[in-house]
Amino acid sequence: MAYWNKEIECMPPERIKELQLDMLQKLIANLYEKNQFYRNKMVQKGVKPEDIKTLEDITKLPFMYKQDLRDNYPTKMFTVPLNDVVRFHVSSGTTGKPTLVGYTRNDLDYWSEALARSLTSCGVTDEDVMQVSYGYGLFTGGLGAHYGAEKVGATVLPTGTGNTERQIELMQDLGVTAIACTPSYLIHMIDVAREKGVDIRKDTKLKRAFLGAEPWTEGMRKHIEDATGIKAYDIYGMSEMAGPMYTECEERNGIHIPWDIMYVEVIDPETEQPVPAGQKGELVVTMLRKEAFPLVRYRVKDITNVILEPCKCGRTSVRIARITGRTDDMLIIRGINVFPSQVEHTLLQIPEVSASYMIIVDRINSLDVMTLQVELKPEAFSDKVEEMTAVKKRVEYEMKKYLNIAVKVELKEPGSLPRFEGKSKRVIDRRTYE
Ligand code: DLL
């Protein structure tokens, strides 16, 4: 069994608790002293650093929400001076305002350290050639997986997304043994390979895939593994935590969470109280080491459960189960996070259309396709085809600009889309994952 950092990964649970408490106390004292945002939140909740006497006392601390990040955009929540920040990553926001995450050099090191532990736990070594087909750039997937794989000593092929035929050629030519990409992109790749007469099982050396950034299921795992003969591992993370960080180990029985990097709680989103291990709830995380952009009791909105049973791999960290959904309405389309409120916000900027819309998401040839049906305003409605085409193009252009994905737009007559008396249902997700 290979470990990247055996002492930490296999530390006895009692010792972990002691060290975690120490890290938490130092973190909270530091934030209370140095950062206005955290101090205000704690003062409002009537809690002081010295109230954190046990790990369970973490529940006395206030929650943090994505909205806090937006309200403090761009850098008001940073806890170090900007000259200590060596990287930014940015993800889309609900109203066009993005979420910005900053990293110090140590933050980047710990991000790669987390991934090095994860990749090693799945058998990746310096003999591997890892194709990184997550997007590079503002999204954390590409650079995150890249530096993690390099840290292990693997040879990285930084293809990024797209240009699938070339990706398959390179996979063959360079003897790629591992790939990191979204599950839907790998399924697309398998289809394109098949069309080109390439059988991944026979014609490539691919052995492992690290799939995440969007929900997927055991059914999809089986489909991928049956089609290719490779082993597919779940990889999890979010930009606020750093990016992709945590994976299952060879046992593939839950995602290991390094105890010295992130403290996890799972709560009932209604009562906001912790739920027992094994029971589903909303993930809440506290990053124990982050310097530039800490997170304390951050409401991740992903649904999972904690697994406490020891893992056969010998690692003693807690694990979380595969993410089964979210407690908010965020959609993940081709790996990009899309909130219906972003669509609404964008539509409100376009004078010819109303804010009555429906989002329909399909999976066609293994790729997500988002269709936006939107009503025209009565005064903009016309039977002149060229006028309507111009409006449709404008909506498509604005959506691409704000959401960062291509959207198929269908213009509808005023009053023709369903009206809702209760909670509106503006999203029809027809993708199936099985
Ligand atoms: O998606 C980071 C990442 C990149 C993870 C590559 C894994 C691989 P965000 O864009 O901030 O960051 O989106 C984070 O994506 O809260 C989940 O809802 C979802 N998500 C990420 N990984 C998984 C997964 C990256 N393995 C949001 N299963 C998270 C299900 C996932 N959902």
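**Exercise 1. A proline in a loop**

Between which helix and which strand is the loop that holds Pro74 found?

*Solution.* The structure considered throughout is a predicted model.
Step 1. Pro74 is found in the loop that runs between helix 4 (66-71) and strand 1 (87-91).
Step 2. The peptide bond leading from Tyr73 to Pro74 is cis, and its omega is near -5°.

**Exercise 2. The domains of the chain**

State how the chain is divided into domains, and describe the relation of domain 1 to domain 2.

*Solution.*
Step 1. Domain 1 covers residues 1-328, and domain 2 covers residues 336-429.
Step 2. The C-alpha centres of domain 1 and domain 2 are 32 Å apart.
Step 3. Contact between the domains involves 14 residues of domain 1 and 10 residues of domain 2.

**Exercise 3. The surroundings of the ligand**

Determine which residues come nearest to the ligand, and describe the shell around the ligand.

*Solution.*
Step 1. There are 21 residues around the ligand, of which Ala213, Asp234, Ile235, Ser239 and Asp302 come nearest.
Step 2. Consider the polar atoms. A backbone N or O atom of Ala213 is 3.0 Å from a nitrogen atom of the ligand. For Asp234, a polar side-chain atom lies 2.8 Å from a ligand nitrogen atom. For Ser239, a polar side-chain atom lies 2.8 Å from an oxygen atom of the ligand.
Step 3. On its own the ligand has 610 Å² of accessible area, and the protein covers 98% of this area.
Step 4. Helix 6 (140-152) and strand 7 (231-238) are the elements that give two or more residues to the shell. Strand 7 gives the most, with 5 residues.
Step 5. By character, the residues of the shell divide into 11 nonpolar, 6 polar and 4 charged.

**Exercise 4. Asp260**

Is Asp260 buried or exposed, and which side chain does the side chain of Asp260 join in a polar contact?

*Solution.*
Step 1. Asp260 is located in the loop between strand 9 (255-256) and strand 10 (262-267).
Step 2. The relative accessibility of Asp260 is 1%; buried means under 20%, so Asp260 counts as buried.
Step 3. The side chains of Asp260 and Arg117 are joined by a polar contact of 2.9 Å.
Step 4. Apart from neighbours within four places in sequence, Asp260 is in contact with Ile8, Met23, Tyr110, Arg117, Leu288 and Arg289.

**Exercise 5. Two residues of strand 12**

Describe the positions and the accessibility of Arg299 and Lys301, and give the side-chain partner of Arg299.

*Solution.*
Step 1. Arg299 is found in strand 12 (residues 298-304), and Lys301 is found in strand 12 too.
Step 2. Arg299 has a relative accessible area of 5% and is therefore buried. Lys301, at 24% relative accessibility, counts as partly exposed.
Step 3. The side chain of Arg299 makes a polar contact of 2.8 Å with the side chain of Glu282.
Step 4. Leaving out residues up to four places away in sequence, Arg299 touches several residues, including Phe63, Tyr65, Ile267, Glu272 and Glu282.
Step 5. Lys301 is not a glycine, yet it has a positive phi of about 80°.

**Exercise 6. Asn163**

Is Asn163 buried or exposed?

*Solution.*
Step 1. Asn163 lies in the loop between strand 4 (155-157) and helix 7 (164-173).
Step 2. The relative accessible area of Asn163 is 56%; exposed means over 50%, so Asn163 is exposed.
Step 3. Asn163 has a positive phi of about 55° although it is not a glycine.

**Exercise 7. Ser356 and Lys425**

Describe where Ser356 and Lys425 lie, and which residues are in contact with each of them.

*Solution.*
Step 1. Ser356 lies in strand 18 (residues 353-364), whereas Lys425 is found in the loop between strand 20 (407-412) and strand 21 (427-429).
Step 2. Ser356 is buried, with a relative accessible area of 14%; Lys425, at 51% relative accessibility, counts as exposed.
Step 3. Not counting neighbours within four places in sequence, Ser356 is in contact with Gln373, Val374, Glu375, Leu417, Arg419 and Arg426. With residues up to four places away left out, Lys425 touches Met358 and Phe420.
Step 4. The side chain of Lys425 reaches the backbone oxygen of Val427 at 2.8 Å.
Step 5. Compare sequence and space. Lys425 and Tyr357 are 68 residues apart along the chain, and their C-alpha atoms are separated by 9.8 Å. Ser356 and Ala390 are 34 residues apart in sequence, and 19 Å apart from C-alpha to C-alpha.

Terms used:
Residues numbered from 1 in each chain as written. Predicted model: local features only at pLDDT ≥ 70, side-chain atom pairs only at ≥ 80, totals over all residues. Heavy atoms only, no water. Helix = DSSP H or I, 4+ residues; strand = E, 2+ residues; numbered from the N terminus. Buried < 20%, exposed > 50% of the residue type's maximum accessible area, 1.4 Å probe, protein only. Polar contact = N/O pair within 3.5 Å; in protein donor to acceptor, adjacent residues only side chain to side chain. Contact = heavy atoms within 4.5 Å. Near = heavy atom within 4 Å. Areas by Shrake-Rupley, 256 points an atom, 1.4 Å probe, with all protein chains shown as cover. Nonpolar A, V, L, I, M, F, W, Y, C, P; charged D, E, K, R; others polar. Domains from an automatic or database assignment.
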